[in-house]
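This report examines the packing, the open and enclosed spaces and the chain contact of one molecular model. Please have the sequence and the coordinates at hand while reading.

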Amino acid sequence: MADSTVISVKGLNVYYGDFQAVKDVDMEIKRESVTALIGPSGCGKSTYLRCLNRMNDLIMGASIQGEVLFENRNIYDSNVDATEIRSRIGMVFQKPNPFPKSIYQNIAFGLKVNGFSGDMDEAVEKSLKQAALWDEVKDRLNDSAFTLSGGQQQRLCIARTLAVEPEVILMDEPASALDPIATLAIEDLVRELKTNYTIVIVTHNMQQAARVSDETAFFMVGEDRSGYLVEHDDTQKIFTNPTNRRTEEYITGRFS
Amino acid sequence: MNKDKFITGNINPNRRLRKIIGACVYLLFLLSTCVGIIGLALLIFDVLKEGIPWINWQFLTDFPSRDPKEAGLLSALFGTIWLMFLTALFTVPIGVGAAIYLEEYAPRNLLTRIIEINVSNLAGVPSIVYGLLGIGIFVYRFGSDEMFLDRVLMAGALTLSLLVLPIVILASRESIRAVPDSYRQGAYAMGADKWQVIKGAVLPSAFSGILTGTILAMSRAIGEAAPVIAITALVYITYIPAHPFERFTVLPIQIFNWVARPQDDFRSLAAAGIIVLLVILLTMNAIAVFLRNKYQTRSEE
């Protein structure tokens, strides 16, 4: 495995009961880069994303085959603690999901859970600054997180993830519930964060994939309704000169 | 990896301690569940051991008798069925109507708040209080000794209706409130008026919740002895009531009656009566669960 690889997926199959949702995925995810997962609805890209930090463990009836190597260790080995994996591979969801607590407490939660000792105020401030939210909320840290706008809530959720200092951040359509201006703010943030973090982002918006990602993986739904990986390459190559005909058709909008 | 940490301070996840705490908490909660289940299991086992030998066709089809060998609970069984039927008849329309009014029509003001709080409080009033209220307003008219309805099925059903109405209202309100606002807006956007929205969009998706709540309220009413004892005055009945204005008895009263007798055989009869009552209760609860599951999957499709 090349040194630049942080997550290496080998022969991954995901099932919900008898139904196979994702079929035979192999993928290497590069350190400190943005990888976009694109594809039509139901192609399993969100399911696949959730396998990368064992969030699928929480879904009843979900099971996987294959390996997900994170820094050369299979995260599905029986001696691996899922809570540790999730503290190192964070996740941001489609709809902003702040806790019904203050802005400050939303950030502090992850730190407390992981036994943080040190200057909590400073940690909260730094996390909010990293998520480009500090200037907007510094005077009302004790207000409920629900007083923020949707875009601000999503940046709060990103700040909350950053506070735990993960190495990888998974984002499941993080801007699909936001307006265009808030979307651009999230995209700027993603580009900034890749200097320190590895980001895997699921998106329905192809311009977004082109704008923010270094590499793009295109998923499709098969005849049997299982999702599979069609093509994974540099974003520029995928969008200008894809190898697979179906990738080209999808990107040029000839089918969806 | 040697990424610069931007946060100063120590992270000490202490996963071993967290695992121990997690396991302890799990055991504690499992134990809490077991206390309830074991208690119920012991009770059922005890009652079954005592009562099963006494359950036979004759027990279900005979009227009470002074001879335990010939005693049955037919009159109590039919009394209970009558009472359930009448109580449901009064409770469902009034309870659901009140719930619809409170959730969909009532203005959000102080008066509504007071009504809501009092409905919740009424659900917690001891049942004997309802029994005495029932005597006061249905058996005798307020303030006079003149008989009004006498101690008949109708008086019992009206009293039990008062008892379970708050429960039905609360359950119905819960399920009406759980209907997503997007359903209402979708219906309004097609030009429906308020009642059409409620009838076409709100009630169908609240239906399973209302039904479940109502059945559970009815099974509470079935098991109530205190208010019905107050209404019936522990009468000895050896006929099946033919209309709502005849005197009656119900299962909990018959059981109470048998338990109070000194002979051991009557105690066993009481156990057998409890089994019959439990079977009815569990059947009703099973129907509630079944209907809830059935309609839930339908509305998700």
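Which elements do the buried residues of H3(A) pack against?

## Helix H3 of chain A

The model discussed here is predicted. In chain A, helix H3 spans residues 103-113, and its buried residues are Ile103(A), Tyr104(A), Asn106(A), Ile107(A), Ala108(A), Gly110(A) and Leu111(A). These residues pack against strand E7 (116-117), helix H4 (120-130), helix H5 (134-137) and H6 of chain A. Strand E1 (10-11) of chain B is also among the elements that the buried residues of H3(A) pack against.

An α-helix has 3.6 residues a turn, so residues three or four places apart point the same way. Beyond the helix, H3(A) is followed by Gly115(A), a residue with a positive phi near 70 degrees.

## Nonpolar cores

The largest nonpolar core holds 49 residues, and those touching the most other members are Leu128(A), Leu156(A), Ile158(A), Met171(A) and Ile199(A). Beyond its neighbours within four places in sequence, Leu128(A) is in contact with Ile103(A), Ile107(A), Leu133(A), Trp134(A), Val137(A), Leu141(A), Leu156(A) and Ala159(A). Two of these partners, Ile103(A) and Ile107(A), are also listed among the buried residues of H3(A).

A second core, separate from this one, has 38 residues, including Trp54(B), Leu160(B), Val164(B) and Ile253(B).

## Contact between the chains

How much area do chain A and chain B bury between them? The value is about 1,700 Å², with 50% of it on carbon and sulfur atoms. Chain A brings 27 residues to the contact and chain B brings 14 residues. On the side of chain A, Asn114(A), Lys126(A) and Glu165(A) supply 31% of the area buried against chain B, more than any other three residues.

## Pocket and cavities

Rolling a probe the size of a water molecule over the atoms shows where empty space is left. The largest pocket has a volume of about 550 Å³. It is lined by 20 residues, of which Arg86(A), Ser87(A), Phe109(A), Gly110(A) and Val164(A) are the closest to its centre. Helix H2 (82-88), strand E6 (89-92), helix H3 (103-113) and helix H6 (150-163) of chain A each contribute at least two residues to this lining. By class, the lining residues of the largest pocket are 9 nonpolar, 8 polar and 3 charged.

There are also 3 cavities of 30 Å³ or more. The largest cavity contains about 50 Å³ of space, and its lining consists of Pro64(B), Val235(B), Tyr236(B), Ile237(B), Thr249(B), Ile253(B), Gln254(B) and Asn257(B). This lining comprises 5 nonpolar and 3 polar residues, with no charged residues. Ile253(B) lines the largest cavity and also belongs to the second nonpolar core.

## Buried polar and charged residues

Asn53(A) lies in the loop between helix H1 (45-51) and strand E4 (62-70) of chain A. Its relative accessible area is 1%, and Asn53(A) is therefore buried, the limit being under 20%. Outside four places in sequence, Asn53(A) is in contact with Ile75(A), Ile85(A), Arg86(A), Ile89(A), Gly90(A), Met91(A) and Leu170(A). One of these partners, Arg86(A), is also among the residues closest to the centre of the largest pocket.

Is Arg155(A), in helix H6 of chain A, buried or exposed? Arg155(A) is buried, because its relative accessible area is 10%. Ala131(A) is 24 residues away from Arg155(A) along the chain, yet their C-alpha atoms are separated by 5.9 Å. Arg155(A) touches Ala131(A), Ala132(A), Leu133(A), Glu136(A), Ala185(A), Ile186(A) and Leu189(A), with residues up to four places away in sequence left out.

In chain B, Ser175(B) is part of helix H6 (residues 153-177) and is buried, with a relative accessible area of 13%. Apart from neighbours within four places in sequence, Ser175(B) is in contact with Ala206(B), Gly209(B) and Ile210(B). The C-alpha atoms of Ser175(B) and Gly213(B) are 8.9 Å apart, with the two positions 38 residues apart in sequence numbering.

## Positive phi outside glycine

Glu32(A), a residue other than glycine, has a positive phi near 50 degrees. Glu32(A) is in the loop between strand E2 (19-30) and strand E3 (34-38) of chain A, and at 35% relative accessibility it counts as partly exposed.

Glu173(A) likewise has a positive phi, near 45 degrees. The loop that holds Glu173(A) runs between strand E8 (168-172) and helix H7 (180-193) of chain A. At 11% relative accessibility, Glu173(A) counts as buried.

Note on methods. Residues are numbered from 1 along each chain as its sequence is written. Chains are lettered from A and ligands numbered from 1 in the order in which they are written. This is a predicted model: local features need pLDDT of at least 70, side-chain atom pairs count only at pLDDT 80 or more; totals for chains, interfaces and linings use all residues. Side-chain values use heavy atoms; hydrogens and water are left out. On a 1 Å grid over the protein atoms alone, a cavity is a set of points where a 1.4 Å probe fits but cannot get out, and a pocket is an open set with protein on both sides within 12 Å along at least five of seven lines; lining residues have an atom within 4 Å of a point. Grid points are joined across faces, edges and corners, and a volume is the space filled by probe spheres set on the points. Ala, Val, Leu, Ile, Met, Phe, Trp, Tyr, Cys and Pro count as nonpolar, Asp, Glu, Lys and Arg as charged, and the others, Gly among them, as polar. Helices (H or I, at least four residues) and strands (E, at least two) are DSSP runs, numbered from the N terminus. A nonpolar core is a set of buried Ala, Val, Leu, Ile, Met, Phe, Trp, Tyr and Cys residues joined through side-chain atoms within 4.5 Å. Buried means under 20% relative accessible area, exposed over 50%, partly exposed in between (1.4 Å probe, protein chains only). Contact means heavy atoms within 4.5 Å. Buried area is the accessible area (1.4 Å probe) that two parts lose on being put together, summed over both.
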